[in-house]
Amino acid sequence: MATTHPLQQPARAAAVAPVAAGGRSATPFTTQVNRSIVAAMIVVSLITLGLFAVTGFNRLVQQTQESALRIAQTVAQTPGVRAGAEEESRRERPSTDAELVAGTLDDYAREVEDRTGALFVVITDDTGRRLAHPSPDEIGDPVSTSPDAALRGEETVSWERGTLGDSARAKVPVYGLDSPGTVVGEVSVGLPPTEVWSTVLADAVPVVLSTALALAVGGLLARFITRQLREKTLGLQPEELLALVHDQQAVLQGVDDGVVGLSGDDVVTVCNDRAAALLGLDDPVGHRVEEAIGHAGVLARIEAARSVTPPAPPLVVDGRLVYVDVHEVRREGRLLGRVVIVRDVTAVEDLSRRLTAVGTLAGALREQRHEFANRIHVVTGLVRAGDTAEALDYLDRIGEHGPVRFPIANAGLVREPYLQAFLGAKALEAERQGVTLRIGPDADVSGSLLHPEDVTTVLGNLVDNGIAAAVASERTPRWVEVEALRHGDELHVSVMDSGDGAASDPLTPEARPASDPGPGETGAAGPAHGHGIGLRLSAEVARRHGGELRLAMGRTERHGAVFVARLERQFEEEDGR
């Protein structure tokens, strides 16, 4: 069954009811992106066209000025122009305007204009007086623009306004024919601006067409990009995405379970602080799962989640008992990734074992109370019948075997009521499995425990493991021996069994199982002591009370493993023996 993508529901809501701003529907983010892209392309295109127009205009103006300069140079070097200007400059009495209009220089200038398409060709003498001009009325008058540079022998080009309007004009000096080193006049040639503008417009047509085509293609690409963006974000707006991120962080960091998100190609995309603490991860986001997670059991659990498997047992990770659940996230049949839930059940398991121990203790106490009432009735009957010696003998036998007929030897050495009842109840369980539970000859415990539930949790786990080891062994007879000794406010206990022992210490970090043992397989401690979960919890309880739990002996020829525990502050100091 496909898992609904967590963003799918907000996406539908966003599609149905757009976010309102100020009572009006806000423009969708993708539409804003589309418009921004198109607007940016238009601005860039306008800037490009403007730069092309400016550079093209300047280039054409320069070319036109160069053309005007070449025409002026040609006219200034014509022998007739040189001779005419030189002759006019040497006259004592200048020619009249009519004589100049009827002269050959004006005719030649008009011919050059017709041949080159120039706006004007003006010839002057060495004073700047016009000897030739397109307007006969202007002949004989001084030129409208300064001829000083040309009369000094310089060639100039410019874009200026004269009597005939704007033009790209060139001015060159005219040297005398008889005296080549003397400037006898100047020639001004102007080309009309219409040629420049017509050339600019002609060159701009393909640029405008290519720009329009680029805008059209850009508009299509912008629509494609916005459509892809809408699909990638599931139609969510930026403010919705921001709120979603805030909510995600609040949820991820607020839950007590560890959460690790994996992409479709097994890259860690999300990891909250709880998961990092439980799995011992250091900045896993962005790394592949096998690089980020070093625990082989967790990796095997993640890999096994690709196929349908029954609920897996908990794992021991860094001394804690955790469940690892892996869920695939699919949308429209496509695998988007997986979510790994890491749940710490150490406290739950600890509480479960405590409740089991308390239940065992309560059952033993009820049985003890019932048996004690029966024995009181027996003693009362013997005393009333006058059989005092028989009553005393009966009480002596009770002292040897304990207040209740539990199948446990040396029960009188443990006089603490909780421990005595608890061990008696465990002896009944052991007897049902064909194992004898006995108290060691050096046991000596008196007074009352301050924390009986913690003591019975540690001792009960050790006894259960010892019974399991004895049952699994081929050795006979099968037995478990418990030594308990009070030293001040400390309680020292040791549990020894007749099993095959432990090949390695299940309480060391190196002995933790890499993966879940399968049916018939064993953990680091062998079949005698399970997977080490209960031992680690018991060790944690002992540490909380300032003590320890350790493997004192792995195996010998006569017995199996020996575990030793020490718990401090279990008795009142003034509580005498």
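User: In which order do the strands of the six-stranded open sheet lie?

Analyst: Strand order is read across a sheet from neighbour to neighbour, and in this predicted model the open sheet of six strands runs β13-β14-β15-β16-β18-β17, with mixed pairing. Strands β13 (408–409) and β17 (548–553) stand at the edges, and because each has a single partner strand, one side of each is left without a neighbour in the sheet.

User: How many bridges join β15 to β16, and in which sense do these strands run?

Analyst: Strand β15, residues 479–487, and strand β16, residues 490–497, run antiparallel and are joined by eight bridges, with Leu485 standing opposite His492 of β16.

User: Which strands does helix α14 touch where it packs on the sheet?

Analyst: Helix α14 (residues 417–432) touches β13, β14 (436–439), β15 and β16, and its direction makes about 155° with that of β14. Helix α15 (residues 452–472) also packs on the sheet, where it touches β14, β15, β16, β17 and β18 (562–567), its direction making about 10° with that of β16.

User: What pairings does β18 make with β16 and with β17?

Analyst: β16 and β18 pair in the antiparallel sense over six bridges, and within that pairing Val495 has Phe563 of β18 as its bridge partner. β17 and β18 likewise run antiparallel, joined by five bridges, and here the bridge partner of Glu548 is Arg566 in β18.

User: Which residues touch the most other members of the largest nonpolar core?

Analyst: The general idea is that in soluble globular proteins nonpolar side chains tend to be buried together. In this model the largest nonpolar core has 39 residues, of which Leu419, Leu437, Leu459, Leu462 and Leu491 touch the most other members. The elements that give two or more residues to this core are α14, β14, α15, β15, β16, α16 (533–544), β17 and β18, and the largest share, seven residues, comes from α15. If neighbours within four places in sequence are left aside, Leu462 is in contact with Val495, Leu535, Leu549, Phe563 and Ala565. A second, separate core of 25 residues includes Leu69, Ile123, Val184 and Leu191.

User: What share of the protein's residues is buried, and how many helices and strands are there?

Analyst: Of the 577 residues in the protein, 42% are buried, and the protein has 16 helices and 18 strands. Among its contacts with a separation of 6 or more, 62% are between residues 24 or more positions apart, while the accessible surface comes to about 30400 Å², with 56% of that belonging to carbon and sulfur atoms.

How values were computed: Residues are numbered from 1 along each chain as its sequence is written. This is a predicted model: local features need pLDDT of at least 70, side-chain atom pairs count only at pLDDT 80 or more; totals for chains, interfaces and linings use all residues. Side-chain values use heavy atoms; hydrogens and water are left out. Two strands pair if DSSP finds at least two bridges between them. Helices (H or I, at least four residues) and strands (E, at least two) are DSSP runs, numbered from the N terminus. Contact means heavy atoms within 4.5 Å. Axes are lines fitted to C-alpha atoms, for helices over the stretch in contact, and angles run from 0 to 180 degrees between N-to-C directions. A nonpolar core is a set of buried Ala, Val, Leu, Ile, Met, Phe, Trp, Tyr and Cys residues joined through side-chain atoms within 4.5 Å. Buried means under 20% relative accessible area, exposed over 50%, partly exposed in between (1.4 Å probe, protein chains only). Accessible areas come from the Shrake-Rupley method with a 1.4 Å probe; for residues, only the protein chains shown count as cover.
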